[in-house]
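Student: Please take one part of this model and look at it closely. I would also like to know how that part sits among the rest of the chain.

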Amino acid sequence: MSAIGYILMIIGALFYVLGGLGLYRMPDVYNRLQAATKATTLGTFSLVLGVGIAQPEWFIKTLLIVVFLTITNPVGSSVLAKASYIYGVKPFKVVKNDLDELYQSRGDENADN
């Protein structure tokens, strides 16, 4: 049973690593917030449940932590996103695709497909 717990802890750590990579790679605050929230939520779920499985006497406490995080993480991220929006942080602009210009210059009818 403890092997399953350790595997869940490793999976949780991998979610944290991917969340850090998402923070580094995403272009604006809204995308970074989404990547960080998803990674910390799933990473914490896996990590805490892994601890609960590895240490069965802590299982009830870890389930309460998971329930608390299920409620608070989405609320916290939406509050941060709304505060960024109110503060005036603009989303990252979409870069025009170079292929659009190529299609338009060639006169292809299927440019939108």
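Tutor: The secondary structure of the chain comes to 4 helices and 0 strands, where helices (H or I, at least four residues) and strands (E, at least two) are DSSP runs numbered from the N terminus. Along the sequence the pattern reads α-α-α-α. The model is predicted, so local features need pLDDT of at least 70 and side-chain atom pairs count only at pLDDT 80 or more, while totals for chains, interfaces and linings use all residues. Residues are numbered from 1 along each chain as its sequence is written, and side-chain values use heavy atoms, with hydrogens and water left out.

Some totals set the scene. The chain has 113 residues, and 23% of them count as buried; buried means under 20% relative accessible area, exposed over 50%, and partly exposed in between (1.4 Å probe, protein chains only). The accessible surface of the chain comes to about 8,600 Å², and 68% of that belongs to carbon and sulfur atoms; such areas come from the Shrake-Rupley method with a 1.4 Å probe, and for residues only the protein chains shown count as cover. Among contacts (heavy atoms within 4.5 Å) between residues at least 6 apart in sequence, 72% join residues at least 24 apart.

The part to look at closely is helix α1. Helix α1 covers residues 2–25, which is 24 residues. At 1.5 Å a residue, α1 should span 34 Å, and its end C-alpha atoms are 35 Å apart, which agrees; the expected span is 1.5 Å times one less than the number of residues.

Which residues of α1 are buried? They are Gly5, Met9, Gly12, Gly19 and Gly22. An α-helix has 3.6 residues a turn, so residues three or four places apart point the same way. The buried residues of α1 pack against α2.

Other residues of α1 also have partners far along the sequence. Ile4 is in α1 and counts as partly exposed, at 45% relative accessibility. Its C-alpha atom is 7.6 Å from that of Ala54, although the two residues are 50 apart in sequence. Tyr6, another residue of α1, is partly exposed at 46%. Tyr6 and Gly50 are 44 residues apart in sequence, with 6.0 Å between their C-alpha atoms. Ile10 is placed in α1 as well, but counts as exposed because its relative accessibility is 55%. From Ile10 to Leu47, 37 residues apart along the chain, the C-alpha separation is 7.4 Å.

Now turn to α2, which covers residues 29–54 and includes Thr44. Thr44 is buried, with a relative accessible area of 14%. Leaving out residues up to four places away in sequence, Thr44 touches Tyr16, Ala39, Leu49 and Leu69. Asn31 also has its place in α2 and is partly exposed at 32%. Between the C-alpha atoms of Asn31 and Pro91, 60 residues apart along the chain, there are 8.7 Å.

Pro91 appears again at the loop between α1 and α2, where Asp28 is found. With residues up to four places away set aside, Asp28 touches Pro91 and Phe92. Asp28 is buried yet has no salt bridge, which would be a side-chain nitrogen of Lys or Arg within 4 Å of a carboxyl oxygen of Asp or Glu. The nearest side chain of opposite charge is Arg32, 6.7 Å away; in this count Lys and Arg are positive, Asp and Glu are negative, and His and the chain ends are left out.

Last comes a piece of surface elsewhere in the chain. Phe59, Ile60, Leu63 and Leu64 make a nonpolar surface patch of about 380 Å². Patches are made of residues with over 30% relative accessible area and no salt bridge; like charges are joined within 9 Å, and nonpolar side chains (Val, Leu, Ile, Met, Phe, Trp, Tyr) within 5 Å. Leu63 lies in helix α3, residues 59–87, and is partly exposed at 34%.
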